[in-house]
Amino acid sequence: MKRIFIAFIFLSFGNLTIAQVISLDTILNRIERNHLSLLAYENRIKGSQEMVNTASQWMPPMVGAGLGSDPYSANTQIKNPMLMFSVEQDFPNRSRINKRKDYLNSLTEVERNDARATKNVLFSEAKQAFYGR
(Lines give C-alpha, C1' and ligand atoms only; values in the text may rest on other atoms or scores of the structure.)
Protein backbone atom coordinates (compact mmCIF):
# COMPACT_ATOMS: atom_id res chain seq x y z
CA MET A 1 0.00 0.00 0.00
CA LYS A 2 2.84 2.34 0.86
CA ARG A 3 4.50 1.69 -2.52
CA ILE A 4 1.31 2.50 -4.40
CA PHE A 5 0.97 5.78 -2.51
CA ILE A 6 4.57 6.81 -3.33
CA ALA A 7 4.08 5.88 -6.99
CA PHE A 8 0.86 7.91 -7.09
CA ILE A 9 2.68 10.97 -5.69
CA PHE A 10 5.48 10.69 -8.27
CA LEU A 11 3.06 10.24 -11.14
CA SER A 12 0.82 13.13 -10.11
CA PHE A 13 3.67 15.61 -9.75
CA GLY A 14 5.68 14.29 -12.69
CA ASN A 15 4.43 16.99 -15.05
CA LEU A 16 5.74 19.77 -12.84
CA THR A 17 9.40 19.43 -13.76
CA ILE A 18 11.30 22.68 -13.60
CA ALA A 19 14.08 23.17 -16.11
CA GLN A 20 17.09 25.28 -15.31
CA VAL A 21 17.44 28.17 -17.72
CA ILE A 22 21.01 29.13 -18.62
CA SER A 23 21.85 32.03 -20.88
CA LEU A 24 24.07 31.63 -23.92
CA ASP A 25 26.74 33.89 -22.41
CA THR A 26 26.96 31.63 -19.36
CA ILE A 27 27.36 28.57 -21.56
CA LEU A 28 30.08 30.19 -23.64
CA ASN A 29 31.93 31.38 -20.53
CA ARG A 30 31.82 27.89 -19.05
CA ILE A 31 33.15 26.42 -22.26
CA GLU A 32 35.98 28.96 -22.35
CA ARG A 33 36.98 28.36 -18.73
CA ASN A 34 36.40 24.62 -18.31
CA HIS A 35 36.74 22.80 -21.63
CA LEU A 36 39.66 20.38 -21.49
CA SER A 37 40.94 20.95 -25.01
CA LEU A 38 41.07 24.72 -24.47
CA LEU A 39 42.88 24.22 -21.16
CA ALA A 40 45.37 21.92 -22.92
CA TYR A 41 46.01 24.62 -25.51
CA GLU A 42 46.60 27.16 -22.73
CA ASN A 43 49.21 24.89 -21.16
CA ARG A 44 50.91 24.34 -24.53
CA ILE A 45 51.01 28.10 -25.13
CA LYS A 46 52.51 28.71 -21.67
CA GLY A 47 55.11 26.00 -22.29
CA SER A 48 56.15 27.35 -25.66
CA GLN A 49 56.30 30.87 -24.21
CA GLU A 50 58.68 29.60 -21.52
CA MET A 51 60.80 28.02 -24.24
CA VAL A 52 61.05 31.46 -25.86
CA ASN A 53 62.08 33.00 -22.53
CA THR A 54 64.81 30.42 -21.95
CA ALA A 55 66.17 30.44 -25.52
CA SER A 56 68.69 33.19 -24.76
CA GLN A 57 70.22 31.58 -21.69
CA TRP A 58 73.80 30.38 -21.77
CA MET A 59 74.90 26.91 -20.86
CA PRO A 60 76.57 26.82 -17.43
CA PRO A 61 80.34 26.43 -17.28
CA MET A 62 81.44 22.84 -16.78
CA VAL A 63 84.52 21.80 -14.81
CA GLY A 64 85.81 18.26 -14.73
CA ALA A 65 88.70 16.20 -13.35
CA GLY A 66 89.65 12.59 -13.81
CA LEU A 67 92.29 9.98 -14.49
CA GLY A 68 93.35 9.24 -18.03
CA SER A 69 96.09 7.41 -19.87
CA ASP A 70 98.79 8.87 -22.09
CA PRO A 71 97.50 8.42 -25.66
CA TYR A 72 100.88 9.25 -27.20
CA SER A 73 102.98 6.67 -25.39
CA ALA A 74 105.20 4.55 -27.61
CA ASN A 75 105.18 1.75 -25.07
CA THR A 76 101.69 0.20 -25.22
CA GLN A 77 102.23 -2.21 -22.33
CA ILE A 78 102.87 0.39 -19.65
CA LYS A 79 100.01 2.81 -19.14
CA ASN A 80 100.88 5.88 -17.13
CA PRO A 81 97.71 7.31 -15.62
CA MET A 82 97.59 11.06 -15.61
CA LEU A 83 95.37 13.52 -13.78
CA MET A 84 93.34 15.54 -16.27
CA PHE A 85 91.38 18.73 -15.75
CA SER A 86 88.90 20.31 -18.12
CA VAL A 87 86.98 23.58 -18.16
CA GLU A 88 84.31 24.21 -20.79
CA GLN A 89 82.09 27.17 -21.61
CA ASP A 90 79.85 27.54 -24.64
CA PHE A 91 79.65 31.08 -26.02
CA PRO A 92 76.48 31.29 -28.10
CA ASN A 93 76.08 33.10 -31.36
CA ARG A 94 73.75 36.09 -30.82
CA SER A 95 72.19 35.98 -34.30
CA ARG A 96 71.49 32.24 -33.95
CA ILE A 97 69.80 32.87 -30.59
CA ASN A 98 67.61 35.61 -32.07
CA LYS A 99 66.60 33.35 -34.97
CA ARG A 100 65.72 30.56 -32.55
CA LYS A 101 63.61 32.98 -30.48
CA ASP A 102 61.77 34.11 -33.62
CA TYR A 103 61.14 30.48 -34.57
CA LEU A 104 59.80 29.63 -31.11
CA ASN A 105 57.61 32.76 -31.16
CA SER A 106 56.12 31.59 -34.45
CA LEU A 107 55.34 28.19 -32.87
CA THR A 108 53.60 30.00 -30.02
CA GLU A 109 51.48 31.91 -32.52
CA VAL A 110 50.55 28.65 -34.26
CA GLU A 111 49.36 27.23 -30.93
CA ARG A 112 47.33 30.40 -30.25
CA ASN A 113 45.68 30.19 -33.67
CA ASP A 114 44.84 26.51 -33.13
CA ALA A 115 43.31 27.37 -29.76
CA ARG A 116 41.21 30.14 -31.31
CA ALA A 117 40.00 27.80 -34.07
CA THR A 118 39.03 25.12 -31.55
CA LYS A 119 37.26 27.73 -29.43
CA ASN A 120 35.29 28.95 -32.47
CA VAL A 121 34.23 25.38 -33.30
CA LEU A 122 33.11 24.74 -29.72
CA PHE A 123 31.22 28.04 -29.59
CA SER A 124 29.44 27.34 -32.89
CA GLU A 125 28.40 23.86 -31.67
CA ALA A 126 27.10 25.35 -28.42
CA LYS A 127 25.13 28.01 -30.30
CA GLN A 128 23.62 25.43 -32.63
CA ALA A 129 22.58 23.31 -29.67
CA PHE A 130 21.25 26.35 -27.80
CA TYR A 131 19.10 27.60 -30.67
CA GLY A 132 17.90 24.13 -31.58
CA ARG A 133 19.51 24.04 -35.05
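Beyond its neighbours within four places in sequence, which residues is leucine 122 in contact with? In this predicted model, the partners of leucine 122 outside that window are Ile31, His35, Ser37 and Leu38. Leucine 122 lies in helix H4. Its relative accessible area is 14%. Leucine 122 therefore counts as buried, the cut-off being under 20%. Leucine 122 and leucine 38 are 84 residues apart in sequence. Their C-alpha atoms are 9.5 Å apart in space.

The overall layout gives the setting for this contact. The protein chain holds four helices and two strands. From the N terminus, the order of elements is α-α-α-β-β-α. The chain has 133 residues, of which 14% count as buried. Contacts between residues at least 6 apart in sequence were also sorted by separation. Of these, 71% join residues at least 24 apart.

Helix H2 spans residues 24-34. Leu24, Leu28 and Ile31 are its buried residues. They lie on the same side of H2, because the arc they cover around the axis is only 60°. The face turned away from this buried side carries Asp25 and Arg33, both exposed. The buried residues of H2 pack against two helices, H3 (36-54) and H4 (94-131).

The packing of H2 with H3 was examined next. The two axes are 6 Å apart, and the packing angle is about 45°. H2 and H3 are therefore oblique to each other. On the H2 side, the contact is made by Ile31, Glu32, Arg33 and Asn34. On the H3 side, Leu36, Leu38 and Leu39 take part. By class, the residues of this contact are four nonpolar, one polar and two charged. Ile31 thus appears both among the buried residues of H2 and in the contact with H3. Arg33, on the exposed face of H2, also belongs to this contact.

H3 and H4 are arranged in another way. Their axes come within 9 Å and cross at roughly 170°. This crossing makes H3 roughly antiparallel to H4, since angles over 145 degrees fall in that class. H3 contributes Ser37, Leu38, Tyr41, Arg44, Ile45, Ser48, Gln49, Met51 and Val52 to the contact. H4 contributes Lys101, Leu104, Asn105, Thr108, Glu111, Arg112, Asp114, Ala115, Thr118, Lys119 and Leu122. The residues of the H3 contact with H4 divide into eight nonpolar, six polar and six charged.

Leucine 38 takes part in both of these helix contacts, with H2 and with H4. Residues up to four places away in sequence aside, leucine 38 touches Ile31, Glu32, Ala115, Thr118, Lys119 and Leu122. Ile31 and Leu38 are both partners of leucine 122 as well.

These three residues also share a core. The largest nonpolar core has seven residues in all: Leu24, Leu28, Ile31, Leu38, Leu122, Phe123 and Ala126. H2 and H4 are the elements that give two or more residues to this core. In soluble globular proteins, nonpolar side chains tend to be buried together. The buried residues of H2, namely Leu24, Leu28 and Ile31, are members of the core.

Two exposed positions stand in contrast to buried leucine 122. Lysine 99 is placed in helix H4. With a relative accessible area of 61%, lysine 99 is exposed, as the cut-off for that class is over 50%. Lysine 99 and alanine 55 are 44 residues apart along the chain. Their C-alpha atoms are separated by 9.9 Å.

Proline 61 is the second case. Its place is in the loop between H3 and strand E1 (62-69). At 58% relative accessibility, proline 61 also counts as exposed. Its contacts, neighbours within four places in sequence left aside, are with Glu88 and Gln89. Proline 61 and phenylalanine 91 are 30 residues apart along the chain. The separation of their C-alpha atoms is 9.9 Å.

Methods: Residues numbered from 1 in each chain as written. Predicted model: local features only at pLDDT ≥ 70, side-chain atom pairs only at ≥ 80, totals over all residues. Heavy atoms only, no water. Buried < 20%, exposed > 50% of the residue type's maximum accessible area, 1.4 Å probe, protein only. Arc of directions from axis to C-beta. Contact = heavy atoms within 4.5 Å. Axes fitted to C-alpha atoms, helices over the stretch in contact; angles between N-to-C directions. Parallel < 35°, antiparallel > 145°, perpendicular 65-115°, else oblique. Nonpolar A, V, L, I, M, F, W, Y, C, P; charged D, E, K, R; others polar. Core = buried A, V, L, I, M, F, W, Y, C linked by side-chain atoms within 4.5 Å.
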